[in-house]
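The following exercises concern a predicted model. Each task is followed by a solution in steps.

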Amino acid sequence: MQVLLRTDAADDRVHRILVETLYTQPASLALGAIAGALGCLPAVLYSGEPMILCLAIAQTLIGIARAIMACMPAARQGRSTLVMEMMFEFGAFSYALCWGLVAALAIEYDVPAAARTLTVVYATAYGAAVAARNAGRPYIAIGQLGLLVVPELLVSAFKPDLADRLFAVCSTLLLLAMISVTRSTFTALRDSIASAETSARLADKMQHLARTDVVTGLLNRAGLNHQLVERVAAIQPDQKLALFWIDLDRFKEVNDTLGHQVGDRLLCEIGSRLKRFAPNAASVARFGGDEFIIACEAASRREVESMAMQLLEAITQPIRIDDDRLEIGSSIGVAILPDDGSDIEAVMQGADLALYHAKVNGRKQVSFFAPSMTRDLVRRKEIEAELRLALQRDELSIFFQPIIDLATGRIRAFEALVRWFHPEKGELRPDEFIPVAEETGAIITLGNWITAQAARVAATWPEDVTIAVNLSPIQIRAPGAALGILNALREARLSPSRLELEITETVLLDNSPNTDAFIAELAEAGVRFALDDFGTGYSSLGYLSKYPFSKIKVDRSFVSGVNAGKKSDAIIRAVSGMGSTLGMEIVAEGIETIDQVKAVRAAGCTLGQGYYFSRAVPDYLAAMLLAQESEAQVGRRLAG
Ligand code: C2E
Ligand code: CA
Ligand code: CA
C-alpha cells in the first residue's frame with residue numbers, strides 16, 4: 001500500500017512534479033464541471049427533492065471554483081507542495097462526494113429511468129476517468145472514485161430489484177479494477193519522473209565536474225568561459241568588468257625541485273588565497289598550469305588597481321608546506337571591459353598581453369593593458385619568427401668591446417656582444433632579441449654559437465688578452481651546458497683560462513644545484529667568472545665569497561647613468577674595497593668621459609669599459625686595436 005500513502009518514497013521534487021500534474025489540463029476540469037452540472041440536472045428536475053438540488057448546486061459551485069483554480073497558475077505560485085495538494089484534495093473530495101450523493105439519492109428516490117441512468121452512469125464514468133487522470137496522487141484518485149461510486153453502490157445493494165443489486169456488484173468490481181489501474185499508472189508515472197530526475201541531476205553533476213579544476217576546486221577554463229558569458233550579458237552600463245590574468249613566477253622550479261605534490265598544494269593554497277582576496281561574487285579560475293584568472297565587476301579603474309595590488313600582495317605572502325617555506329611571486333596582467341575592448345575575447349587578449357609585459361619587465365608586478373602592447377607584441381612575434389632564420393642567413397655577428405686596464409691603459413680583454421643586422425629592420429639591439437631568444441629557448445643554440453665564434457676569434461689574439469662572454473640563465477640550466485662550453489674551447493684551441501663568463505645575480509638567486517655544478521665544473525677547468533651588472537639586482541655580497549668570481553662589473557648606471565654621483569661613488573668604493581680583499585678585479589662599465597675614468601679609478605676600479613675607450617667593434621677592428629696598441633696610444637688613452 002506504500003504507493004498510496006502521502007509520504008511515499010518519491011523525494012520532494014518528484015512529489016512536486018506529481019502534484020503539478022493534478023493542475024495540468026484545466027480544460028478537462030472545466031469540461032468535467034459543465035458535464036457534471038448537466039449530469040445532475042435530470043435528477044434535480046425529475047425528483048424535485050430539495051436535498052438533491054442543494055447537493056447539485058454545491059457540486060456545480062465547487063466544479064467552477066476548481067476549474068478557475070487550475071486556470072490561474074499565479075494563484076498557486078509560491079505555495080508549498082503540501083498546501084497545493086491539500087487544496088486540490090479538498091476540492092476533489094467535496095466535488096466527488098456531492099456528485100456521488102446526488103447519484104445515490106437518484107437511485108434511492110427512484111427517479112425516472114432515463115434521468116437516473118444519466119446521473120448514475122455519468123457519475124461512475126467520471127469516477128473512472130479521474131482515477132486515471134489523477135493517478136499522479138493515487139489516494140486522491142481512489143478517494144474520488146470511492147466517494148463517487150460507494151454511495152450509489154450502497155444504496156443499490158439494499159434495493160429489492162435484482163438489476164440494482166447487480167449494479168452494486170458491478171460497481172464494486174469496477175472500484176477494485178480502477179484501484180489497481182490507478183496504482184499501476186501511478187507506479188509507472190512516478191518511476192519515469194524519478195528516472196528523469198535522476199538523469200537531470202546526473203547531468204547537473206557532470207556539468208559541475210566538467211567546469212571545475214580538479215586540483216584547486218576553482219573554475220576551470222570551460223567554467224570560466226561559461227561564467228564570463230553570463231557576466232558580460234548581465235553587466236550594467238555604469239559598471240566595468242575587470243579581468244586579472246595571474247601567472248606565478250618560477251612555479252616550474254618548485255614543481256621540479258620539490259615534486260608535483262608540493263606543486264599541487266601550492267596551487268591549492270594560492271587558489272584559496274585568491275578566493276579569499278577577490279571580491280565575493282568574482283569568478284576565480286585556474287587557467288591551466290600556474291595561471292589563474294579572476295573576473296569581477298568594478299565601479300572604477302582605481303578600484304581595479306587596488307584589487308590588483310591586493311591580489312599581488314596576497315600571493316607574495318610566504319607559504320608553508322610541511323617544512324618548506326616558499327615564497328612565490330607573481331605577475332598580473334589586467335584588462336578592463338569596456339575600456340580595453342568591447343567583448344570578452346578582446347579583454348582576454350588584452351589581459352594576456354599585459355601579463356606578458358609584466359613578466360618581461362621583471363616579474364612581481366601588475367601591468368595594465370595599453371594599446372602600444374599590441375604593437376610591441378607584433379614586433380616581438382616577428383623577431384621570434386625571424387630569429388630562427390637569422391643564424392642560417394648569417395645576419396648575426398659578434399662585436400667586441402675592449403676592457404681596459406685603468407693603470408696601464410692596455411687592453412686586457414674584450415667583451416663579446418652579439419649584433420643582429422636585419423635586412424629590413426636594420427640593427428637590432430640585443431636587449432630586444434635576447435629576451436625573446438630566452439623565452440623561446442633559442443638562446444641555447446644562439447649562446448653556443450656565440451661562445452664558439454668568440455673563442456675562435458680570441459684564439460687569434462695575444463696570449464694575455466681574454467674574452468668575456470655573456471651567459472643567460474637559461475643557457476646555464478640547459479643539460480650539458482658546461483660540456484658545450486668546454487667543447488667550444490677545445491675546437492677553437494683556446495685555453496680555458498682565457499675565457500671569462502659573465503653572469504648576473506639572477507642566475508645565482510635560484511640556488512639551484514645545477515648552477516653550482518656548472519660553475520664548479522668550469523672553474524675547475526680554469527674558466528673564470530665575472531659578476532655582471534653589479535648593483536642592479538639584490539647586490540647580495542654573499543655571492544661574492546660563495547662563488548669564484550674573478551671580476552665584478554659595476555653596472556653602468558653607477559658610472560655614467562643619471563644616478564651616477566656621490567652615492568654611487570660610495571658604493572663603488574665599498575665594492576672595490578671588498579673586491580681587492582677577496583682578490584677580485586672591479587670593472588667599471590659604461591665609461592663615456594675622461595672624468596668618469598678618473599672618478600672610477602679614484603674609487604678603486606682596476607678595469608674600465610665604455611664608449612670613451614671604444615664601442616663594440618667587429619673582429620677585424622678588434623685585431624687592429626690590438627695591433628696598434630703602442631706605448632703612445634696607451635698613454636693618450638689614459639691622458640684624454
Ligand atoms: P651587458 O652585458 O651589460 O653589456 C654591456 C652593454 O653596454 C652593451 O650593450 C654595450 O654596448 C653597452 N655599453 C658599453 N659601453 C657603453 C657606454 O659607454 N655607454 C653606454 N650607454 N652603453 C655602453 P649591448 O651590446 O646592447 O648589450 C646589451 C645587453 O645584451 C648586454 O648587457 C647583455 O646583457 C646582453 N647581451 C649582449 N650580447 C650578448 C650575448 O652574446 N649573449 C647574451 N646572453 N647576452 C648578451
Ligand atoms: Ca656583460
Ligand atoms: Ca653589464
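**Exercise 1.** Determine which interaction joins the side chains of arginine 412 and aspartate 405, and classify each residue as buried, partly exposed or exposed.

*Solution.*
Step 1. The nitrogen-to-oxygen distance between the side chains of arginine 412 and aspartate 405 is 2.7 Å, and the two meet in a salt bridge. The cut-off for such a pair is 4 Å.
Step 2. Arginine 412 has a relative accessibility of 28% and therefore counts as partly exposed.
Step 3. Aspartate 405 has a relative accessible area of 12%, so this residue is buried. The limit for a buried residue is under 20%.

**Exercise 2.** Identify the salt-bridge partners of lysine 553 and state where each partner lies.

*Solution.*
Step 1. One partner is glutamate 415, with the closest N and O atoms 2.8 Å apart. Glutamate 415 belongs to strand 9 and lysine 553 to strand 14, so this pair ties together parts separated by 138 residues in sequence.
Step 2. Glutamate 415 is buried, at 5% relative accessibility, and lysine 553 is buried as well, at 0%.
Step 3. Glutamate 589 also meets lysine 553 in a salt bridge, at 3.9 Å from N to O. This pair links distant parts of the chain, 36 residues apart, with glutamate 589 in the loop between strand 15 (585-588) and helix 23 (594-603). Glutamate 589 is buried, with a relative accessible area of 9%.
Step 4. For the wider setting, the structure holds 31 salt bridges.

**Exercise 3.** Establish what surrounds the side chain of aspartate 555, and whether this residue is buried or exposed.

*Solution.*
Step 1. Aspartate 555 is placed in the loop between strand 14 (549-554) and helix 22 (566-581).
Step 2. The residue is buried but has no salt bridge. The nearest side chain of opposite charge belongs to arginine 556, 5.8 Å away, whereas a salt bridge requires a distance within 4 Å.
Step 3. A polar contact does exist: the side chain of aspartate 555 meets that of serine 557 at 2.8 Å.
Step 4. Setting aside neighbours within four places in sequence, the contacts of aspartate 555 are Asp533, Phe534, Thr536 and Glu589.

**Exercise 4.** Explain why the buried residues of helix 15 lie on the same side of the helix, and name the elements against which they pack.

*Solution.*
Step 1. In helix 15 (residues 430-440), the buried residues are Pro430, Phe433, Ile434, Val436 and Ala437. They cover an arc of only 165° around the axis, which places them on the same side of helix 15.
Step 2. An α-helix has 3.6 residues a turn, so residues three or four places apart point the same way.
Step 3. The packing partners of these buried residues are helix 14 (372-392), strand 8 (396-405), strand 9 (411-422), strand 10 (426-428) and helix 16 (443-458).
Step 4. After helix 15 comes glycine 441, with a positive phi near 85°.

**Exercise 5.** Describe the largest nonpolar core and the contacts of leucine 501.

*Solution.*
Step 1. The largest nonpolar core has 72 residues, and those with the most contacts inside it are Phe400, Phe433, Trp461, Ile467, Leu501 and Phe518. Helix 16 gives the most to this core, with 7 residues.
Step 2. Another core, of 33 residues, lies apart from it and includes Ala242, Cys296, Val304 and Ala308.
Step 3. Not counting residues up to four places away in sequence, leucine 501 touches several residues, among them Val469, Ile485, Phe518, Leu522 and Phe529.

Conventions
Residues are numbered from 1 along each chain as its sequence is written. Chains are lettered from A and ligands numbered from 1 in the order in which they are written. This is a predicted model: local features need pLDDT of at least 70, side-chain atom pairs count only at pLDDT 80 or more; totals for chains, interfaces and linings use all residues. Side-chain values use heavy atoms; hydrogens and water are left out. Buried means under 20% relative accessible area, exposed over 50%, partly exposed in between (1.4 Å probe, protein chains only). Helices (H or I, at least four residues) and strands (E, at least two) are DSSP runs, numbered from the N terminus. The arc is that of the directions from the helix axis to the C-beta atoms. Contact means heavy atoms within 4.5 Å. Lys and Arg count as positive and Asp and Glu as negative; His and the chain ends are not counted. A polar contact is a pair of N or O atoms within 3.5 Å; within protein, one must be able to donate a hydrogen and the other to accept it, and residues adjacent in sequence count only if both atoms are side-chain atoms. A nonpolar core is a set of buried Ala, Val, Leu, Ile, Met, Phe, Trp, Tyr and Cys residues joined through side-chain atoms within 4.5 Å.
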